[in-house]
Amino acid sequence: MNITVINGTEQKGCTFAMKEIFLSAMGGSHNITEHFLPRDCPQFCAGCKTCFFQGISVCSHSNYIIPIWESILSADLIVFASPTYVFHATGQVKALLDHFGSKWMVHSPEKPMFRKQVVIITNAIGQGMGKTARDIKDSLDFWGIARTYIIKKALFQPKWELVSDKTKVAVKSRCEKVAKSVKSKTNVKPRFKIRFLFFIMKTAQKMIDKSERKSGRERTKDYLHWKENGWLDGKKPWRD
């Protein structure tokens with residue numbers, strides 16, 4: 001299995017330890033590619049919208065984001081590991097996700113996304129983990145990710161070595177449970193929410209195109225992407 005890991009910080013602390021426990025629970029021999037933020041993507045999205053009109057290959061930060069996106073596309077499993085900072089995901093995770101706005105389902109989603117699984121790992125000394133997971137999951141859902149699992153735990157300590165043995169056992173148990181679920185999916189297909197979003201976005205593309213054509217404007221890059229994939233004519237990205 002190809003596994004791509006996005007580490008939301010360069011610190012090898014509690015979240016890193018939880019991620020290592022999960023990867024160990026996956027067992028077997030896997031091809032693992034890890035990215036550390038902000039080291040591997042130190043730039044904020046400039047908001048130039050070039051990716052929406054021409055694609056991410058011409059993004060001014062393409063030297064950073066293309067290698068990450070390619071490893072995401074080639075992965076069977078994607079792991080996002082972000083600690084909770086002020087009730088949310090780290091700023092560097094948000095900065096990375098902003099670069100991939102054009103890959104949202106309403107624009108030009110990638111077919112492989114509809115067959116992928118993602119695990120989100122987060123912790124906090126106290127609260128806020130739910131918001132951290134949602135920060136990441138919002139993008140994953142609109143990328144079309146088929147299945148998303150969340151591993152979250154309030155550790156009540158700033159360092160892994162200070163975490164109680166009881167809490168560490170609970171983390172290990174959750175990681176093993178999620179790993180078992182991930183490995184059990186041999187033919188991954190999107191859950192109902194993703195399929196529902198797809199059909200909503202399909203309708204939106206047709207409506208937008210109708211309006212654009214009525215105004216005499218050229219068809220959008222997004223419409224052409226959907227058309228070329230056959231998604232406007234009955235094909236579905238999760239079927240061969």
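**Exercise 1. In this predicted model, work out how helix α5 packs against helix α7, and which residues make the contact.**

*Solution.* Start with the two axes. Helix α5 covers residues 129-143, and its axis comes within 9 Å of that of α7, with a crossing angle of roughly 60°. Next, classify the angle. Angles of 65 to 115 degrees count as roughly perpendicular and those under 35 as roughly parallel, so α5 is oblique to α7. Now list the residues that touch. From α5 come K137, D141 and F142, and they meet K193, I194, L197 and M201 of α7. Finally, sort them by class: the contact of α5 with α7 has four nonpolar, no polar and three charged residues.

**Exercise 2. Describe the packing of helix α7 on helix α8: what is the crossing angle, and which residues are involved?**

*Solution.* Helix α7 spans residues 192-214 and helix α8 spans residues 221-228. Their axes come within 10 Å and cross at roughly 125°. That angle makes α7 oblique to α8. The handedness comes next: α7 and α8 form a left-handed crossing. On the α7 side, the contact uses F198, M201, K202, Q205 and D209, while α8 supplies D222, Y223 and W226. By class, the residues of this contact are four nonpolar, one polar and three charged. You may recognise M201, which is listed here and also among the α7 residues that meet α5.

**Exercise 3. Is the crossing of helix α1 with helix α6 left-handed or right-handed, and which residues meet?**

*Solution.* Take the geometry to begin with. Helix α1 (residues 14-26) packs on helix α6 (residues 165-184) at an angle of about 45°, and the axes are 8 Å apart. This makes α1 oblique to α6. The crossing is right-handed. For the contact list, α1 brings M18, I21, F22, A25 and M26. Their counterparts in α6 are V171, K172, C175, E176, V178, A179, V182 and K183. The residues of this contact divide into 10 nonpolar, no polar and three charged. There is one more thing to see about α1: the helix lies across β1, β2, β3, β4 and β5, and runs at about 145° to β4.

**Exercise 4. Find the strand order of the sheet, and work out which strands stand at its edges.**

*Solution.* Go through the pairs one by one. Strand β1 (residues 2-7) is joined to strand β2 (residues 31-36) by six bridges, and the two run parallel. As an example of this pairing, I3 has I32 of β2 as its bridge partner. Five bridges join β3 to β4, again in parallel, with L77 standing opposite Q117 in β4. Strand β4 (residues 117-124) is in turn joined to β5 by eight bridges, also parallel, and N123 has K153 of β5 as its bridge partner.

Now assemble the whole. The five strands form an open sheet in the order β2-β1-β3-β4-β5, with parallel pairing. β2 and β5 each have a single partner strand, so they stand at the edges and one side of each is left without a neighbour in the sheet. From one strand to the next, the twist averages 15°.

**Exercise 5. How many residues of β4 are buried, and which of them point each way from the strand?**

*Solution.* Buried means under 20% relative accessible area. In β4, eight of its eight residues are buried. In a regular strand, side chains alternate between the two faces of the sheet. Split β4 accordingly: Q117, V119, I121 and N123 point one way, whereas V118, I120, T122 and A124 point the other way. For β1, the count is five buried residues out of six.

**Exercise 6. Inspect the loop backbone: which peptide bond is cis, and where do K49 and F87 lie?**

*Solution.* Check omega to start. The peptide bond from L37 to P38 is cis, with omega near 10°, and P38 is placed in the loop between β2 and α2. Then check phi. K49, in that loop between β2 and α2, has a positive phi of about 70° although it is not a glycine. F87 lies in the loop between β3 and α4, and its phi is also positive, near 70°. Last, check exposure: F87 has 41% relative accessibility, so it counts as partly exposed.

Definitions and conventions. Residues numbered from 1 in each chain as written. Predicted model: local features only at pLDDT ≥ 70, side-chain atom pairs only at ≥ 80, totals over all residues. Heavy atoms only, no water. Axes fitted to C-alpha atoms, helices over the stretch in contact; angles between N-to-C directions. Helix = DSSP H or I, 4+ residues; strand = E, 2+ residues; numbered from the N terminus. Parallel < 35°, antiparallel > 145°, perpendicular 65-115°, else oblique. Left-handed = near helix turned anticlockwise from the far one by under 90°. Contact = heavy atoms within 4.5 Å. Nonpolar A, V, L, I, M, F, W, Y, C, P; charged D, E, K, R; others polar. Buried < 20%, exposed > 50% of the residue type's maximum accessible area, 1.4 Å probe, protein only. Pairing = 2+ DSSP bridges.
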